[in-house]
Amino acid sequence: MSIHTVADINFEIQGSLRFMRHLREEYASNETKGDFIIDVPEKFSGNLDEEGVAEKNDIIQRSLARKLSEYDAILLHAATFDIKGNGVAFSALSGTGKTTHMNLWQRLLGDRMTVVNGDKPIVRFFDDEPETPYAYGTPWNGKERLGCNMRTPLKHICFIERAKENFVEKMDPKEAIDRIFNQVYMPKDPVAVMKTMELINRLIHSCNLWKIHCNMNISAAETAYNTIFKEK
Amino acid sequence: MKLKYEFVINQVADQNVAVPVGEDIQNFSGFLKMNDIGAEILEILKNDVTVEEIAAEMLKKHPDSNMEEALETVQGFVAQLKENGLVE
């Protein structure tokens, strides 16, 4: 039994954490008790091939994701980073290049930018700051393994679309429904689904929403960054 | 005909969004956006009904409409549900 903290949620894992280095080390908790237990089946305790590791990872991720709505939180599929206290999430269909585009921003901004999570951050609300969604690092940070155990107040959600010319459009919440629903883990329990939808609604009303049309040159990052952060 | 799954409907950005729930959902893992009329039809489809019965029920809710219009609306909406394998 080991205790872990992800997105300020404490939980226990029953079973082996072999091949789960991030969870074992970066998300190990000082707490003595978790709020709930995640069971990792015995068959995942021995040697595993790549597929087995992925399956084990999925089981833990889904078990946590199912509990998130109880903590006013959702699992978002997005590359997420911090620029001096401003959280930015890049969302896109797989293969569109959100990681590539995030890497361009990193080249542009250097150490002014910190990657929170390259693939699946948790976004969580708190009662004392009802309009501030916090994006947290998680152990599920994509094949490039980009990210760390930190949080940032999420200010901008950007939907990335490939284009020849670089330009940025502001979106309203209604326009973003399809895109955001496709990128949020949806639980199966009706109460949790209802809550997750409420949280999505809060999220798209709390953040600036952008559609970034971009190619894969550094000028794409310059155009998008200058528009979103209104720099001349 | 009736809905195959239970749906949870909530307002997101002033739109009705319906998400099917339950462990047995295999063919549809997404969501449906609909206007208030669609949400009303979905509610009626919790019971086993025919298109004509739905249209008659809708006519009671919207007496300004007529049967022809109601049938057309219901048929269009039900066709979308069928396409996604959500009614049986």
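Colleague: In this predicted model, in what order do the three strands of the open sheet E1, E2 and E3 of chain A lie, and what is the pairing?

Modeller: Chain A has an open sheet of three strands in the order E1-E2-E3. Its edge strands, each pairing on one side only, are strand E1 (2-6) and strand E3 (36-39). Neighbouring strands are turned by 35° against each other on average, direction ignored. The order is E1-E2-E3, and the pairing is mixed.

Colleague: Which residue of E3(A) is the bridge partner of Phe11(A)?

Modeller: Strand E2 of chain A covers residues 9-14 and is joined to E3(A) by four bridges. These two strands run parallel. In E3(A), the partner of Phe11(A) is Phe36(A).

Colleague: Which helix of chain A packs on this sheet, touching E1, E2 and E3?

Modeller: The helix in question makes an angle of about 150° with the direction of E3(A). The helix spans residues 50-67 of chain A and is H2.

Colleague: Which residue in E10(A) is the bridge partner of Val88(A)?

Modeller: Strand E6 (residues 86-91) and strand E10 (residues 151-162) of chain A run parallel and are joined by five bridges. Within E10(A), Val88(A) has as its bridge partner His156(A).

Colleague: In which sense do strand E9 of chain A and E10(A) pair?

Modeller: Strand E9 of chain A takes in residues 129-136 and shares three bridges with E10(A). Tyr136(A) stands opposite Arg151(A) in E10(A). The sense of the pairing is antiparallel.

Colleague: How many bridges join E10(A) to strand E12 of chain A?

Modeller: Strand E12 covers residues 208-214 of chain A, and E10(A) and E12(A) run parallel. One bridge pair puts Phe159(A) with Lys211(A) in E12(A). The number of bridges is seven.

Colleague: Are helices H4(A) and H5(A) parallel, antiparallel, perpendicular or oblique to each other?

Modeller: The axes of helix H4 (residues 173-181) and helix H5 (residues 190-206) of chain A come within 10 Å and cross at roughly 130°. An angle between 115 and 145 degrees falls outside the parallel, antiparallel and perpendicular ranges, so H4(A) counts as oblique to H5(A). The crossing is right-handed. The word for the pair is oblique.

Colleague: How many nonpolar, polar and charged residues are in the contact of H4(A) with H5(A)?

Modeller: From H4(A) come Pro173(A), Ile177(A), Ile180(A) and Phe181(A). They meet Met197(A), Ile200(A), Leu203(A), Ile204(A) and His205(A) in H5(A). By class this gives eight nonpolar, one polar and no charged residues.

Colleague: Which strands of chain B does H5(A) lie across?

Modeller: Chain B has an open sheet of three strands in the order E1-E2-E3, with antiparallel pairing. H5(A) runs at about 20° to E1(B). The strands that H5(A) lies across are E1 and E2 of chain B.

Colleague: Which residues in chain B lose the most area to chain A?

Modeller: The contact takes in 15 residues of chain B and 17 residues of chain A. The two chains bury about 1400 Å² between them, 70% of it on carbon and sulfur atoms. Three residues together supply 34% of what the chain B side buries: Val12(B), Ala13(B) and Phe31(B).

Colleague: Which residue in E2(B) is the bridge partner of Val12(B)?

Modeller: E1(B) and strand E2 (residues 15-21) of chain B pair in the antiparallel sense over seven bridges. In E2(B), the bridge partner of Val12(B) is Gln15(B).

Colleague: How do the residues of the contact of H2(B) with H3(B) divide into nonpolar, polar and charged?

Modeller: Helix H2 (residues 51-61) and helix H3 (residues 67-83) of chain B pack at about 125°, with their axes 9 Å apart. The crossing of H2(B) and H3(B) is right-handed. The residues in contact include Val51(B) and Glu52(B) of H2(B), and Met67(B) and Gln75(B) of H3(B). They divide into 11 nonpolar, one polar and one charged.

Colleague: Is H1(B) roughly parallel or roughly perpendicular to H3(B)?

Modeller: Helix H1 (residues 36-44) of chain B packs against H3(B) at an angle of about 70°, with the axes 11 Å apart. Ile37(B), Gly38(B), Ile41(B) and Leu42(B) in H1(B) meet Thr73(B), Val74(B), Phe77(B) and Leu81(B) in H3(B). Angles of 65 to 115 degrees count as roughly perpendicular, so H1(B) is, with respect to H3(B), roughly perpendicular.

Definitions and conventions. Residues numbered from 1 in each chain as written. Chains lettered and ligands numbered in written order. Predicted model: local features only at pLDDT ≥ 70, side-chain atom pairs only at ≥ 80, totals over all residues. Heavy atoms only, no water. Axes fitted to C-alpha atoms, helices over the stretch in contact; angles between N-to-C directions. Parallel < 35°, antiparallel > 145°, perpendicular 65-115°, else oblique. Left-handed = near helix turned anticlockwise from the far one by under 90°. Contact = heavy atoms within 4.5 Å. Nonpolar A, V, L, I, M, F, W, Y, C, P; charged D, E, K, R; others polar. Pairing = 2+ DSSP bridges. Buried area = accessible area lost by both parts, 1.4 Å probe.
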